[in-house]
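The following exercises are to be worked with the sequence and the coordinates at hand. Each task is followed by a solution in steps.

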Protein chains: 2
Amino acid sequence: MTETNFETYSPERLSDDIERIRELAESLLPVYGQLTFDEQGNSDHPLYQELRSLLHPLHPADMATVLESLPLDERILVWKLAAPEDDGEVLLEVSDSVRETLMETMGKEELLAAMEDLSADEVADLAADMPHHVVTEVLQNRDEEEREQIQTALSYEENQVGSIMDFELVSIRADVSCEVVLRYLRRFEQLPDHTDKVFVVDEDDVLQGVLPIRKLLVSDPDALVSEIMAKDVVIFHPQDNTEESAQAFEKYDLITAPVVDDTRHLIGRLTIDAMVDVIREEGEADMLNMAGLQEEEDLFAPVLDSVKNRWVWLAINLCTALVASRVIGLFEGSIEKIVALAALMPIVAGIGGNSGNQTITMIVRALATGQLDMTGAKYLFKKEIGVALANGVIWGSIMGVISYVLYHNLGIGVVMMVAMTLNLILAAVVGVLIPVTLEKMGRDPALGSSVLITAVTDSGGFFIFLGLASIFLLH
Amino acid sequence: MTETNFETYSPERLSDDIERIRELAESLLPVYGQLTFDEQGNSDHPLYQELRSLLHPLHPADMATVLESLPLDERILVWKLAAPEDDGEVLLEVSDSVRETLMETMGKEELLAAMEDLSADEVADLAADMPHHVVTEVLQNRDEEEREQIQTALSYEENQVGSIMDFELVSIRADVSCEVVLRYLRRFEQLPDHTDKVFVVDEDDVLQGVLPIRKLLVSDPDALVSEIMAKDVVIFHPQDNTEESAQAFEKYDLITAPVVDDTRHLIGRLTIDAMVDVIREEGEADMLNMAGLQEEEDLFAPVLDSVKNRWVWLAINLCTALVASRVIGLFEGSIEKIVALAALMPIVAGIGGNSGNQTITMIVRALATGQLDMTGAKYLFKKEIGVALANGVIWGSIMGVISYVLYHNLGIGVVMMVAMTLNLILAAVVGVLIPVTLEKMGRDPALGSSVLITAVTDSGGFFIFLGLASIFLLH
């Protein structure tokens, strides 16, 4: 019997590998120019040999993690040494920003070689990062059908199903028996990845139903496909939104699903692995957006690239901070008289920001999973204002007492308590309004929500606290 | 030929349904006590009839979304009307917090009925929310094997593979032919969900390999399983971490995978749908944690529950705000002399907080995907400090000029610029240190990172700005 290679997934082992690879790459960098290579492009330098032997057995997905974990120079060195037959697979696995750094180092011949083993939809995924003349040549190397598939995939936006569907379809007719289907399948060298169903079409390629393999395997060989095929079929259109499609995969536990055009002709299929990427990216995008990063950033990007990726939200933040500063400026007279106000005002602003961010995060999540619509938002107002009132009474009282103890001034304590409660209510109202309004406008509710709410609770908090203090503490 | 029900996934239609269901439930609530029911528990009230007809065709996952979208009273009404045969499925689909509100309304008999059609691993998922005596009874209703499976699943932590594996195993011997395997499979009434491979075991249930169905279908019927079974097998142990296992599913595009004990006995399997839930929850947890929410919250939770879920981080935030306030207090003398300082200091603190949050978010993400280890963090320091310097020069200069224009004081402009740059550098250093240290301590790097960095950049920003101003502007 053949020896089986069981492998327990161990991120620790990969991370040990990465550390050793980084050390080796660092040591090789200064001497790389002096290495001599044989015809196969190999060197007998011991560091080179060890590095190759570490890189060689890596799965493309692990190689992608290795490359993402390395600083730029080391990354490029390792990329040069990587097994070229996997190049295309690795390029598909790395993040967009890292892919750019890798493809920049590749010549036309290398790019063409990397594309060779990829399917039409995979080529389309990489085409955006390739020089135009290379894409043209890749297209020329493909047959008519694949050329059309690549162009179809390229014609859709990144967030449309058409851009992530693949074309590896196994389709059958409805009027044949299971026996015939099994014989037909046996003629394939291999079935497409993730094949959990075959698509049932008529002579014009119009979808009639799907036959799950699970059902095929337990059915009487003489049964007709039309008798056993699934009648409830979730279908997708190439112009559908990818995030919503991923939700459907999650809800209905799909592995693959057909993509059809408006006249229900079968044109492609969606697979769970592409959907998992969508789910992962969606969660990340919400997080990045809330923090004010434009897009996923290469950890080891040059300083200038990072500055570019982050400047927009920093600039917006500065503008809102400037507004808050001018609000304080309105009350400089009051602060001059009671300087304690300057020390206490950030507390009022801070609790509003923190509480508003909690509200917004909860709502962004609920909007993403379809739990919250406009009518539901109405109910939330009441609840969030209730939470704000409760928190205002609890924390406002505590801070009121502390302020009184610090400054021996009852008025300051009372103003503190009232201002905190009012700012918490403001945070609740705006915390519901901002994401719900963004959603209604068709915008991403996560985008900059956090910066916006902080802008309101800062300026609002300063205004409420200093305003109340000016009215009640300065006669 | 049978009529096929094609269904395009449409979140809009579901959300229209939800709105109508909410209206109906609202109108029914006040009159529900007066309804008369026949023996089947149905009423002929038109609103009741319409509500039933809307609820009846819903998939359990859509029913879960409906329930999550409804305020408490309406939710309980709809739950009473929901088709009882799907109760168990729906309970599995709703979020933890909503599940509690539903199960509280169910009597023992209803709970037992809901459990009836669930598999052992599903029962284990729900057991935590059931009263102890109901769990005991559920266990009594199962056979010896299932009882053991449920107890096995219950013995693992929520973040361990053992708690989410299932027991629906199809296993075969290595010394039989494909023909025999196909015949064996045909004897099943149906194969377990997601079956993309069968497990090859010896007479002691020790795993020998796996036979992908895709391979079985294209192989010669006379070929032996041992000849065609997969030799590279990713295996999991019940004590493995679920998030790391989900990463493995993502990397290696798995649909199902075997779970074995230390002596490689096959005890269960992992499926992609459970892994997708882990990936979704992981992303959500990071977001919630960064915003300072303890756990996913029922949108329509009573005010008191929400206050409880959020109070810890509000309290921590208040403590750090108090510290920042005391830092300002140290410089009250300076503020009294130059009251402009009070207006400008939040700008310095704010840009530090914003920039630090960008750094932290990027690092939390990189740690989650295994791209960053301790050695890599060293490189990041240099880069992030570079970014901070660049931003300090750009934004510091702009704000310096604005401050100068506003207050006609060159000193204030210069102090502003220097303080902003220094606080940005502080934010960069601490933004790398906090998540990396939390990770090193084995804690979740997302947990409260955002509150911690803001604490440092607030107190630090006030101290740097007011300190510099006191030294250079007040002689």
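**Exercise 1.** Is Phe331(B) buried or exposed, and what is its relative accessible area? Characterise then its ring pair with Phe463(B).

*Solution.* The model is a predicted one.

Step 1. The relative accessible area of Phe331(B) is 12%. Buried means under 20%, so Phe331(B) is buried.

Step 2. Phe463(B) has a relative accessible area of 48% and is therefore partly exposed.

Step 3. A pair of aromatic rings is described by the distance of the centres and the angle of the planes. For Phe331(B) and Phe463(B) the centres are 5.9 Å apart and the planes stand at 65 degrees, so the pair is edge-to-face.

Step 4. Phe331(B) belongs to the loop between helix H17 (303-330) and helix H18 (332-337) of chain B, while Phe463(B) belongs to helix H22 (residues 449-473) of chain B; the pair therefore ties together parts that are 132 residues apart in sequence.

**Exercise 2.** How many aromatic pairs does a search of the whole structure find? Examine the pair formed by Phe300(A) and Tyr379(B).

*Solution.*

Step 1. The search yields 14 aromatic pairs over all chains.

Step 2. The ring centres of Phe300(A) and Tyr379(B) are 6.4 Å apart and the planes are at 90 degrees, so this pair is edge-to-face.

Step 3. Phe300(A) is in the loop between helix H16 (272-291) and helix H17 (303-330) of chain A, and Tyr379(B) is in helix H20 (residues 374-407) of chain B, so the pair joins two chains.

Step 4. Both residues, Phe300(A) and Tyr379(B), are buried.

Step 5. Ring pairs also link Tyr32(A), Phe37(A) and Tyr48(A) into a cluster.

**Exercise 3.** Determine how chain B is related to chain A, and state the confidence that the predictor assigns to the complex.

*Solution.*

Step 1. Two copies of a chain are related by a rotation about an axis and a shift along it. Here a rotation of 180 degrees, with 0.0 Å of shift along its axis, superposes chain B on chain A with an RMSD of 0.1 Å.

Step 2. This is the relation of a two-fold axis.

Step 3. The same surface serves both copies, for 100% of the contact residues of chain B recur in chain A.

Step 4. The predictor gives the complex an ipTM of 0.87 and a pTM of 0.88. Chain A has a mean pLDDT of 90, and 98% of its residues reach 70 or more.

**Exercise 4.** Which residues have the most contacts inside the largest nonpolar core? Describe the surroundings of one of them.

*Solution.*

Step 1. The largest nonpolar core has 134 residues, and Phe236(A) and Phe236(B) have the most contacts inside it.

Step 2. With neighbours within four places in sequence left aside, the contacts of Phe236(B) include Tyr9(A) from chain A, and Val161(B), Phe249(B), Leu254(B) and Leu270(B) from chain B.

Step 3. A second, separate core has 78 residues, among them Met420(A), Leu468(A), Ala315(B) and Leu344(B).

**Exercise 5.** Where does His237(A) lie, and which residues does it contact?

*Solution.*

Step 1. His237(A) is part of the loop between strand E5 (232-235) and helix H15 (242-251) of chain A.

Step 2. Its relative accessibility is 14%, so His237(A) counts as buried.

Step 3. Apart from neighbours within four places in sequence, His237(A) is in contact with Val161(A), Val259(A), Val260(A), Asp261(A), Asp262(A) and Thr8(B).

Step 4. A polar atom of the His237(A) side chain lies 3.2 Å from the backbone oxygen of Val260(A).

**Exercise 6.** Compare the settings of His194(A) and Arg264(A), and follow the contacts of Ile255(A).

*Solution.*

Step 1. His194(A) has a positive phi of about 65 degrees although it is not a glycine. Phi of Arg264(A), likewise positive in a residue other than glycine, is near 65 degrees.

Step 2. His194(A) lies in the loop between helix H12 (178-186) and strand E3 (197-201) of chain A, and Arg264(A) in the loop between strand E6 (256-260) and strand E7 (266-271) of chain A.

Step 3. His194(A), at 10% relative accessibility, counts as buried, whereas Arg264(A), at 37%, counts as partly exposed.

Step 4. Ile255(A) is buried, with a relative accessible area of 3%. Not counting residues up to four places away in sequence, Ile255(A) touches residues including His194(A), His194(B), Ile255(B) and Ile272(B).

Notes. Residues numbered from 1 in each chain as written. Chains lettered and ligands numbered in written order. Predicted model: local features only at pLDDT ≥ 70, side-chain atom pairs only at ≥ 80, totals over all residues. Heavy atoms only, no water. Phe/Tyr/Trp six-rings, centres within 6.5 Å; stacked < 30°, edge-to-face > 60°. Helix = DSSP H or I, 4+ residues; strand = E, 2+ residues; numbered from the N terminus. Buried < 20%, exposed > 50% of the residue type's maximum accessible area, 1.4 Å probe, protein only. pLDDT = per-residue confidence, 0-100. Core = buried A, V, L, I, M, F, W, Y, C linked by side-chain atoms within 4.5 Å. Contact = heavy atoms within 4.5 Å. Least-squares fit on C-alpha atoms with pLDDT ≥ 70 in both. Polar contact = N/O pair within 3.5 Å; in protein donor to acceptor, adjacent residues only side chain to side chain.
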